[in-house]
Amino acid sequence: MYKERSGGGGSSRSEILNGGAVDRKRINDALNKKLEKSSPSTSRAFPSSTAKPQLPDVESETDSEEGSDVSGSEGDDDTSWISWFCNLRGNDFFCEVDEDYIQDDFNLCGLSGQVPYYDYALDLILDVESSNSEMFTEEQNELVESAAEMLYGLIHVRYILTTKGMAAMTEKYKNCDFGRCPRVFCCGQSCLPVGQSDIPRSSTVKIYCPKCEDISYPRSKFQGNIDGAYFGTTFPHLFLMTYGNLKPQKPTQKYVPRIFGFKVHKP
């Protein structure tokens, strides 16, 4: 975040990567409250201008003694924000988006109207120092951090549909980083992440099994809290069309209910 990049207090990136408490719910709640205060038109769209939208003034910093839950330290400046974010516990579904892709305005078309504090969030993702960083309060930092996570997720869902993005996800698929299908007759088939909606904050991410063609919840509760819109409804199906050699055959076995060895009659 901006504050810790200038040497401010807070948890270090290494502490978070090593399993430190990351109160991401509190950070997301801060952004939710901001979105709820705004009307649908203002919360999803900002007037187009070169000036960055001003962050809200906060009179007190009652939570400042707690420190930032998602932050870094001067000793961790060599780690980019993207690498740091993707290595957070529960974020292993994400691949690292190339900075060149993010810096191309064409790839970000329309996102400025969906993400609050878009410019600040983009600067944070690209590790660009903000001249206002030292003036941000704890609550303002949390809003920017949450906006950055949302922006990265919305960039990510576009990136994984590109050639480079699919190549990065292929390695994760082969390593079973997305988990395995829980169905017995799928025999531990590697799965792919999928969203049930392309609209942010509609549903959490699920895993899609290319063998039985069904979806299920991720086994990890941390992964289960990720927004499904950050992977979208298109990715696994386009992925399997692109890499047809990775698509498995459908299971030939099917469970048959029996009572004392006899098949259960279906009415």
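Lys-164 and Asp-98 form a salt bridge in this predicted model, where the term stands for a side-chain nitrogen of Lys or Arg within 4 Å of a carboxyl oxygen of Asp or Glu, and the closest N and O atoms of the pair are 3.7 Å apart. The pair links distant parts of the chain, since Lys-164 sits in helix α9 (residues 163–174) while Asp-98 sits in the loop between α5 (81–86) and α6 (99–103), 66 residues apart. Helices (H or I, at least four residues) and strands (E, at least two) are DSSP runs, numbered from the N terminus. By the salt-bridge rule the count comes to two, and the other pair is Glu-213 with Lys-250, with the closest N and O atoms again 3.7 Å apart. Glu-213 lies in the loop between β2 and β3 and Lys-250 in the loop between α10 and β4 (258–259), so this salt bridge ties together parts that are 37 residues apart in sequence.

The table gives the exposure of the four partners, with buried meaning under 20% relative accessible area, exposed over 50%, and partly exposed in between (1.4 Å probe, protein chains only).

| Residue | Relative accessible area | Class |
|---|---|---|
| Lys-164 | 57% | exposed |
| Asp-98 | 30% | partly exposed |
| Glu-213 | 37% | partly exposed |
| Lys-250 | 54% | exposed |

Residues are numbered from 1 along each chain as its sequence is written, and side-chain values use heavy atoms, with hydrogens and water left out. Because the model is predicted, local features need pLDDT of at least 70 and side-chain atom pairs count only at pLDDT 80 or more, whereas totals for chains, interfaces and linings use all residues.

Lys-211 has its place in the loop between β2 (206–209) and β3 (214–216). Lys-211 is buried yet has no salt bridge, and the nearest side chain of opposite charge, that of Glu-213, is 12 Å away; for this purpose Lys and Arg count as positive and Asp and Glu as negative, while His and the chain ends are not counted. Leaving aside its neighbours within four places in sequence, Lys-211 is in contact (heavy atoms within 4.5 Å) with Phe-185, Cys-186, Gln-189, Pro-248, Gln-249, Lys-250 and Pro-251.

The strands on either side of this loop belong to an open sheet of three strands, which has the order β1-β2-β3 and antiparallel pairing; two strands pair if DSSP finds at least two bridges between them. The edge strands are β1 (192–194) and β3, each of which pairs on one side only, and the twist averages 40° from one strand to the next. Axes are lines fitted to C-alpha atoms, for helices over the stretch in contact, and angles run from 0 to 180 degrees between N-to-C directions. Three bridges hold the antiparallel pairing of β1 and β2, and helix α10 (residues 235–242) packs on the sheet, touching β1 and β2, with a direction that makes about 140° with that of β1.

Within the sheet, Val-194 stands opposite Lys-206 in β2. On the other side of β2, three bridges join this strand to β3, again in the antiparallel sense, and Tyr-208 has Ile-215 in β3 as its bridge partner. Lys-206 and Tyr-208 point one way from β2, Ile-207 and Cys-209 point the other way, and all are buried. β2 and β3 form a hairpin with four residues between them, and Glu-213 in the turn has a positive phi of about 60°.

Most residues other than glycine have a negative phi. Tyr-117, in the loop between α6 and α7 (118–125), has a positive phi near 55° and counts as buried at 2% relative accessibility. Arg-201, in the loop between β1 and β2, has a positive phi near 65° and is partly exposed, with a relative accessible area of 37%.

For the chain as a whole, there are ten helices and five strands, and buried residues make up 45% of the 267 residues. Residues 24 or more positions apart account for 74% of the contacts with a separation of 6 or more. The chain averages a pLDDT (the predictor's confidence in each residue, from 0 to 100) of 79, and 70% of the residues score at least 70. Over residues 1–23 the pLDDT is below 50, and this stretch has 68 contacts in the model beyond near neighbours in sequence. Residues 39–51 also have a pLDDT below 50, with 14 such contacts.
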